[in-house]
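Take a walk through the structure shown below, with attention to the contacts between charged side chains, the packing of helices and the exposure of individual residues.

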Amino acid sequence: MPDNLYWTMAMPTSDPEILRERKEARERENREYGKVLSNTGTEEEVRSYFGDRRRLSEDYVTFIGQVLDDYRDVIPDRDVRLLELAKSMHQTRLSEMPRQLDEALERQAAHAARREAWLAAKTSAVQ
């Protein structure tokens, strides 16, 4: 799993460069999420945000599944349950994502239409 995002975003580390990269990635993700929430992102930005979230959850599910398959019998029961919970949460996120993407795109389109109508009205009022 060399390309799995677990290694990039979650593997424990004290390396300052990796921690800086993670912080920058999370800040970028928060900016993208802000655009989704405020309906100011383009359709491409909305799709990109949800694509990134999907890949992250898919990679975490893959990683956790492999850990449980290979080490379930040596990991303490409490940790097995925590891993199962994390996997379940990511699976739930993945199952809800298509609906959330559709809703975000609908809100974005409605916002764009309202903005265009406002700009048209503003232009008409000035003339």
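In this predicted model, E84 forms a salt bridge with R72, and the closest N and O atoms of the two side chains are 2.5 Å apart. Because E84 belongs to helix α4 (residues 77-126) whereas R72 sits in the loop between α3 and α4, the pair ties together parts that are twelve residues apart in sequence. Both partners fall between the limits for buried and exposed, under 20% and over 50% respectively: E84 has a relative accessibility of 33% and counts as partly exposed, and R72, at 39%, is likewise partly exposed.

Salt bridges that share partners also build a network, one that joins E17, R20 and E24. Within this network, the contact between E24 and R20 brings their closest N and O atoms to 2.4 Å. Since E24 and R20 are four residues apart in helix α2, about one helical turn separates them. E24 is partly exposed, with a relative accessible area of 36%, and R20 is also partly exposed, with a relative accessibility of 37%.

A further pair is found in helix α3, where the side chains of R47 and E43 meet in a salt bridge with an N to O distance of 2.9 Å. R47 and E43 are four residues apart in this helix, which is about one turn. The relative accessible area of R47 is 42%, so R47 is partly exposed, and E43, at 41% relative accessibility, is placed in the partly exposed class too. Over the whole structure, a search finds eleven salt bridges, among them the pairs E84 with R72, E24 with R20 and R47 with E43.

How are the helices that carry these charged pairs arranged? Two packed helices are described by the angle between their axes and the distance between the axes. For α2 (16-38) and α3 (residues 43-71), the axes come within 9 Å and cross at roughly 130°. That angle makes α2 oblique to α3, because it lies above the range of 65 to 115 degrees that counts as roughly perpendicular and is not over 145, where roughly antiparallel begins. In handedness, the crossing in which α2 passes α3 is left-handed.

Helix α2 also holds E21, a residue that is partly exposed, with a relative accessible area of 42%. E21 and M9 are twelve residues apart in sequence, and their C-alpha atoms are 8.8 Å apart in space.

Turning to nonpolar side chains, M1, W7 and M11 make a surface patch of about 270 Å². M11, one of these residues, is found in the loop between α1 (5-9) and α2. What is the relative accessible area of M11? The value is 36%, so M11 is partly exposed, and this is consistent with a place in such a patch because patch residues need over 30% relative accessible area.

The last stop is W118, which lies in helix α4, the helix that also contains E84. W118 has a relative accessible area of 52% and is therefore exposed, given that the exposed class covers values over 50%. Along the chain, W118 and F63 are 55 residues apart, and a distance of 48 Å separates their C-alpha atoms.

Definitions and conventions. Residues numbered from 1 in each chain as written. Predicted model: local features only at pLDDT ≥ 70, side-chain atom pairs only at ≥ 80, totals over all residues. Heavy atoms only, no water. Patch = residues over 30% accessible without salt bridge, like charges linked within 9 Å, V, L, I, M, F, W, Y side chains within 5 Å. Areas by Shrake-Rupley, 256 points an atom, 1.4 Å probe, with all protein chains shown as cover. Salt bridge = Lys/Arg side-chain N within 4 Å of Asp/Glu carboxyl O. Helix = DSSP H or I, 4+ residues; strand = E, 2+ residues; numbered from the N terminus. Buried < 20%, exposed > 50% of the residue type's maximum accessible area, 1.4 Å probe, protein only. Axes fitted to C-alpha atoms, helices over the stretch in contact; angles between N-to-C directions. Parallel < 35°, antiparallel > 145°, perpendicular 65-115°, else oblique. Left-handed = near helix turned anticlockwise from the far one by under 90°.
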